[in-house]
Structure formats: structure tokens, C-alpha cells
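Colleague: Could you take me through this structure? I would like to understand how its parts fit together.

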Amino acid sequence: FEITYPRPAVPAPRTRGAGSAPPRDPGQLSPADLVACHVLHSIGSDLSRTKAIKEELVEAVTNASKAALGKDFQRAVLVGSNAMHIDAPGSDIDVVVFHGAGVQDVTVLKDIMDGLDKPQPGLPAAEFKLVATAKVPILTIHWPAPVNIFCDVSVNKEGPENHVAWVAQCVALDPPLESAMKLLKHWLRQRRIPPAKEGGYP
């Protein structure tokens, strides 16, 4: 038996009435594009005001890591959304410290915390939270107002660094992807959707 299926009816082409809007120029931005451009400009303006202080905080973490580890210090790497250039206002700083010392990660994080617990020129006194019982021990540093920036420090974790390199390769192949991820991150924050470390999706 030959089974045939009815073809869907093709609607007749619509004609533009007297009161309808003229067709949009393909080179003209749509209303959604204009909103996205406005949001990206606003994000960029906000981030430019905190760029210098974030660089100073990363340097403070790096110096404290060098002091804590001495000759065993290898490098401190900025990872996460800031390293991927998809950060939004309020985004945390993420730093991974690599070392060759034969000590536990928690011990290294405690030493870094002790170094940052001293007065830092031009910075308010930091607040600390060390999560030592997690699968990946994390030291969370909070510089309160007027800075109000959080920084998560982990030790000898190559995954975040590899993730940054992978995203960079993806953006190189499709540059608009960077703006799309920045908008998505901004939307998640505006909707108060929790990040991975608070139980949300990564």
C-alpha cells in the first residue's frame, strides 16, 4: 500500500496595508538588538569603574600566595567569568593558585588567608570564609564597602584554567558568543537565579 500525506496549505503572500509598518532594512537593528546593545553598554560602563580595583585585589591575592608558599609558588591564575570577559556587575573574582608544596590545600588557603588578614594599603579590612570540608576547598574573601567585591581562591585545580582556554577557542570561532554569554549572565543575576556554588546550575 502506498501511504500519502496531505501537503500543508501554503498561505498566500501577505500584502502590506496602508497602516502597516514598512519592511525593515536588513542592515537596521531590530528593537531587541537595540535593547541588547544598551544593556551591553551599561554593563561595560559599570565594569570599567571596578576594573582597576579588581586588578589590585588579584595582585593582593597573588602577593599573599607568594608570601605563603615561598619557593613552592608557581603561579596565580585568574579564571571564571572575569578571565573569559563575560563578567557582569557584581561578578566574583576567581583565582587558582598553583604550587609544588607537598601540603594539603586547606593549609595553603589558611596561609593565604593569614597573609591577607593584615592591613592592605588602600583596601578595607577583608572578611574570610574558608570551606574546608568541600570536595574542592575554597577560600572566599570579601572586601566590604566601598569595594564590595568577593573573591574565591582555590588551589591546584586545572579544570577552571582549561575551561577559560576552551571558551576562548569558542569565542575565536564565533565572536558574538562573548556578548551573548555576558547578556545571559546578566539576565541570571537580574532574575536572582543562584549560581553553582549556591546550588544552582553551573
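Modeller: The discussion below covers confidence, the sheet, the helices, the cores and some single residues.

Colleague: What is the average pLDDT of the protein chain?

Modeller: This is a predicted model, and the protein chain averages a pLDDT of 85, with 84% of the residues scoring at least 70. Over residues 1-5, however, the pLDDT is below 50, and this stretch has 0 contacts in the model beyond near neighbours in sequence.

Colleague: Turning to the sheet, what is the order of the strands?

Modeller: The sheet is open and has 5 strands in the order 1-2-5-4-3, with mixed pairing. Strand 1 (73-79) and strand 3 (127-131) each have a single partner strand, so each has one side without a neighbour in the sheet. From one strand to the next, the twist averages 20°.

Colleague: How many bridges join strand 1 to strand 2?

Modeller: There are 6 bridges between strand 1 and strand 2 (residues 93-99), and the two strands run antiparallel. Within this pairing, Phe-73 has His-99 of strand 2 as its bridge partner.

Colleague: And which strands does helix 1 touch?

Modeller: Helix 1 packs on the sheet and touches strand 1, strand 2, strand 4 (138-143) and strand 5 (149-155). The direction of helix 1 makes about 25° with that of strand 2. Helix 4 (residues 158-173) lies across strand 1 and strand 2, at about 50° to strand 1.

Colleague: Let us look at one residue of helix 1. Is Thr-62 buried or exposed?

Modeller: Thr-62, which belongs to helix 1 (residues 31-69), counts as buried because its relative accessibility is 15%, under the 20% limit. Apart from neighbours within four places in sequence, Thr-62 is in contact with Phe-73 and Ala-76.

Colleague: Now the interior. Which residues touch the most other members of the largest nonpolar core?

Modeller: That core has 26 residues, and those touching the most other members are Leu-57, Val-61, Ile-112, Ile-141, Trp-143, Cys-151 and Val-153. Helix 1 gives the most to this core, with 7 residues. Beyond its neighbours within four places in sequence, Leu-57 contacts Ile-93, Leu-123, Trp-143, Val-147 and Ile-149. A second, separate core has 10 residues, including Val-77 and Met-84.

Colleague: You mentioned Cys-151. How many disulfides does a search of the whole structure find?

Modeller: The search finds 0 disulfides. Cys-151 counts as buried, at 1% relative accessibility, whereas Cys-170 is partly exposed, with a relative accessible area of 23%.

Methods:
Residues numbered from 1 in each chain as written. Predicted model: local features only at pLDDT ≥ 70, side-chain atom pairs only at ≥ 80, totals over all residues. Heavy atoms only, no water. Helix = DSSP H or I, 4+ residues; strand = E, 2+ residues; numbered from the N terminus. Buried < 20%, exposed > 50% of the residue type's maximum accessible area, 1.4 Å probe, protein only. Contact = heavy atoms within 4.5 Å. Disulfide = S-S within 2.5 Å. pLDDT = per-residue confidence, 0-100. Pairing = 2+ DSSP bridges. Axes fitted to C-alpha atoms, helices over the stretch in contact; angles between N-to-C directions. Core = buried A, V, L, I, M, F, W, Y, C linked by side-chain atoms within 4.5 Å.
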